[in-house]
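Work through the exercises below with the structure in view. Try each task before reading its solution.

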Amino acid sequence: MAEMEPVNRRNLEEIEAERFRDEDRRTASSIEQEEVEKTVLSRFELFDKRAEVDIDCPLLLRQKHAAFIKGSLLHLHESYQCLDSSRPWLVYWSLHSLALLEEHIEPEECSKIVGFLAKCQSPNGGFGGGPGQLPHLACTYAAVNALCTIGTNEAFGVINREKLLEFLWSLRQPDGSFFMHENGEVDVRGAYCALSVSKLTNIFTPELFEGSAEWIVGCQSYEGGFSACPGMEAHGGYSFCGLAALFMLGKEHLCDMKAFMRWITNRQMRLEGGFQGRTNKLVDACYSFWQGGAFLFLHNILFKENKSIVNSDRWLFNQEALQEYILMCCQQSSGGLIDKPGKPRDLYHTCYALSGLSIAQHTSLVKKYVVGSKINLLAPIHPMFNITFDSAVKTMKYFENLPVPQIGIP
């Protein structure tokens, strides 16, 4: 049985004490920060008043979010035209969000989605952004995650594992890095996406990732986080990809873990409770997962090194504060989640805000910390892949019974 821990929200006095101080040096970014804090505080004040008469406040708007997502599976607003080459991502964001909300999708609808994703698979392996489009590692990651979230034999059967392995080999570089697509950009996302799909579908081979860990470690910046490629700025999304990839390779000891811990613990905003993606940037709900998810790897790494270093029942960030930000500042009243107050809703932020909310709630499969009503509790995720824990276990059990494809190494 899940053990639900009592949760106390921060009071307004504590929150207001964390206001940004510009030290009499006003800049464009400091002015933006102050404006965001002002808007966030107004949201906290509103919910504080509601809580006086509603003990379940704040409440996750489950049904409204589910309606928004399901509607998007059938029809997308014209504003999504710019994502025509990212259609597997739209499917994945939608399906994963519904899985977190534990919303049912009819088998007929799942079969239609599987059929669409099958059309996105290239004859040469991997998945493109739409039918007939060039296969791309990011779209491959999204398509595989979507199929694994559906989790039927039909969905698993779509993935051509032999061709997928050939596709990964075609993108590998001699130094262990990966192109995102043929003759495309090289960054740390490539290594993470390649590792994620290979681990999920049981096509992982050590030879494919020879030198990858060393290349990833070269992406760790002087700040402590990971950048897209060596010499760039540390960033939340790339930091997640870098640490997760090292963790999957069992090579996390190669990076400077103290520097990483110092960098990431300073990314949670003191007043807002959410995370920023880079130093001196604004809070953004998507980093609830990209930064929040990295803490799960960090926690496990530190726990293996010395069990007394970390509390086994808590992550190394303020879980309640993150939940407050998502529930009070990022829910659109008509459904869907947003970056920050004043921004429009979209499937991307809905997915990663809910993923971050799940992380903040589930310190383990036993301990639960839930701000607001008990019905706010989401399904737990597997942070390595960002699909639900149950989906990840089911997928790996299915594919572990299949042999690793034997192909000629280029």
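**Exercise 1. Classify Arg-189, then find its partner.**

Step 1. Arg-189 has a relative accessible area of 25%. Buried means under 20%, exposed over 50%, and partly exposed in between (1.4 Å probe, protein chains only). Therefore Arg-189 is partly exposed.

Step 2. The side chain of Arg-189 forms a salt bridge with that of Glu-185, at 3.0 Å from N to O. A salt bridge needs a side-chain nitrogen of Lys or Arg within 4 Å of a carboxyl oxygen of Asp or Glu.

Step 3. Glu-185 is partly exposed too, at 34% relative accessibility.

A note on the source: this is a predicted model, in which local features need pLDDT of at least 70 and side-chain atom pairs count only at pLDDT 80 or more, while totals for chains, interfaces and linings use all residues. Residues are numbered from 1 along each chain as its sequence is written, and side-chain values use heavy atoms, with hydrogens and water left out.

**Exercise 2. Find further salt bridges, and say whether their residues are buried or partly exposed.**

Step 1. The count is 12 salt bridges. Side chains of opposite charge can pair when their charged atoms come close.

Step 2. Take Lys-163 and Glu-166, which meet at 3.4 Å, N to O. They sit 3 residues apart in helix H8 (residues 161-171), so about one helical turn separates them. Helices are DSSP runs (H or I, at least four residues), numbered from the N terminus. Lys-163 is partly exposed at 30%. Glu-166 is partly exposed at 29%.

Step 3. Now take Asp-339 and Lys-340, whose closest N and O atoms are 2.8 Å apart. Asp-339 is buried, at 10%. Lys-340 is buried, at 9%.

Step 4. Finally, look for a network. Salt bridges link Asp-22, Arg-26 and Glu-34.

**Exercise 3. Explain why Cys-110 and Cys-329 form no disulfide.**

Step 1. A disulfide is a pair of cysteine sulfur atoms within 2.5 Å. The structure holds 0 of them.

Step 2. For Cys-110, the closest cysteine sulfur is in Cys-148, 13 Å away, so the gap is too far for a bond. Cys-110 is buried, with 13% relative accessible area.

Step 3. For Cys-329, the closest cysteine sulfur belongs to Cys-330, at 5.9 Å, again too far for a bond. Cys-329 is buried, at 0%.

Key: Helices (H or I, at least four residues) and strands (E, at least two) are DSSP runs, numbered from the N terminus.
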